[in-house]
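This briefing goes through the side-chain contacts of one protein chain, grouped by topic. Please keep the sequence and the model open while reading.

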Amino acid sequence: MQALSATPRTGLVPWPGLLLAVSLITLWSPPTTAQLTIVPTFAAEGSDVVMRIKNKPINFWSYVWFKGEGANNNNFIASIAKYPLGSKTKNERMFVEYDGYLHIKRVTLKDAGDYTIVVYLLNGRKEIGFGRLTVYEPLRVPTLLASNTSVTENKDAVEFTCYTNGITTHWLFNAVRLKLTERMKLSPDNRVLIIDPVRREDAGSYQCEVSNPQSSTESWPVELNVKYE
């Protein structure tokens, strides 16, 4: 009697082998190429700025920078090339170094905005990146004024106003950050502080502290005197 033999199955892979194959495919998948990007840059008006890039390709032959979003020749700023070696610039305050970074001397408020870089590669392809430059006016010492500096407890109100070109405003009481109470209100931009009514514990020194991403400064103190019986 002839022994029965199992019918061979073709084209099927056992589960352990299939899982191993999937795992190897996952491990061997090439990494996704990182996107060329201009690093967001913040600067004070009048300072020298370097706009850096990240994820830049290695095999390049030229860097070309434009003002605005897009490679519009009318918005060309500056470029540098390895083959042939040389550089071009539209503005003597702006130039590109061989690392691809854009240098801007004595930056102005008009320089603020979107920027575009195009990197031409040796294989004939190109990559494009975008970023933004934000320029702030030099921060001035704020002026703090009070509607009244001598008030009566539970009868009067006082309004402090901080005049500043800063971006953010905080309030100080006796040289530490003010803790707001239910009697205190701030304007939407935090530049006006109202205390209504005033109490004896409100007596003391008030300042406004202002800042932008580049620096911070404080106003001269204003003393509030509270009279009570």
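How does W61 count by its relative accessibility: buried, partly exposed or exposed? W61 counts as partly exposed, because its relative accessibility is 31%, which falls between the limits of 20% for buried and 50% for exposed. The model is predicted, and the points below should be read with that in mind.

**Nonpolar surface and cores**

- W61, whose place is in strand β5, joins Y83 and L122 in making a nonpolar surface patch of about 320 Å².
- In soluble globular proteins, nonpolar side chains tend to be buried together.
- The largest nonpolar core has 24 residues, of which M51, W65, L102, I104 and Y115 touch the most other members.
- At least two residues of this core are supplied by each of β3, β5 (60-67), β6 (76-82), β8 (94-96), β9, β10 and β11 (126-136), and the largest share, 4 residues, comes from β10.
- A second core, separate from the largest one, is made of 19 residues, including L144, L178, I195 and V198.

**Salt bridges**

- Side chains of opposite charge can pair when their charged atoms come close.
- Over the whole structure, a search finds 7 salt bridges.
- One of the salt bridges joins the side chains of D48 and K105, at 3.9 Å from N to O; the pair links distant parts of the chain, since D48 lies in the loop between β2 (41-44) and β3 (49-51) and K105 in the loop between β9 (102-104) and β10 (113-121), 57 residues apart.
- K105 has a relative accessibility of 34% and therefore counts as partly exposed.
- E153 and R200 form another salt bridge, with their closest N and O atoms 3.0 Å apart, and this pair also links distant parts of the chain, with E153 in the loop between β13 (150-152) and β14 (158-163) and R200 in the loop between β18 (192-195) and β19 (204-211), 47 residues apart.
- The two partners are not equally covered: E153 is buried, with a relative accessible area of 17%, whereas R200 is partly exposed, with a relative accessible area of 40%.
- R183 and D202 meet through their side chains in a salt bridge of 2.8 Å, N to O; R183 is in the loop between β16 (176-177) and β17 (184-186), and D202 is in the loop between β18 and β19, 19 residues apart.
- Both R183 and D202 are buried, and together with E201 they are linked in a network of salt bridges.

**Aromatic pairs and charges over rings**

- The structure holds 7 aromatic pairs, among them F60 and Y63, whose ring centres are 4.3 Å apart and whose planes stand at 40 degrees, so that this pair is tilted.
- F60 is buried, with a relative accessible area of 9%, and Y63 counts as buried at 1% relative accessibility.
- The pair of F160 and W171 is tilted as well, because the planes of their rings stand at 55 degrees, with the centres 6.4 Å apart.
- F160 belongs to strand β14 and W171 to strand β15 (residues 168-173), 11 residues apart, so to speak of distant parts of the chain, and both residues are buried.
- F160 and W171 form one aromatic cluster with F173 and Y206.
- K82 lies over the face of F60, at 4.4 Å from the ring centre, while the charged end of R200 sits over the ring of Y228, 4.0 Å from its centre.

Notes: Residues numbered from 1 in each chain as written. Predicted model: local features only at pLDDT ≥ 70, side-chain atom pairs only at ≥ 80, totals over all residues. Heavy atoms only, no water. Salt bridge = Lys/Arg side-chain N within 4 Å of Asp/Glu carboxyl O. Buried < 20%, exposed > 50% of the residue type's maximum accessible area, 1.4 Å probe, protein only. Core = buried A, V, L, I, M, F, W, Y, C linked by side-chain atoms within 4.5 Å. Patch = residues over 30% accessible without salt bridge, like charges linked within 9 Å, V, L, I, M, F, W, Y side chains within 5 Å. Areas by Shrake-Rupley, 256 points an atom, 1.4 Å probe, with all protein chains shown as cover. Phe/Tyr/Trp six-rings, centres within 6.5 Å; stacked < 30°, edge-to-face > 60°. Lys NZ or Arg CZ within 6 Å of the ring centre and 35° of its normal.
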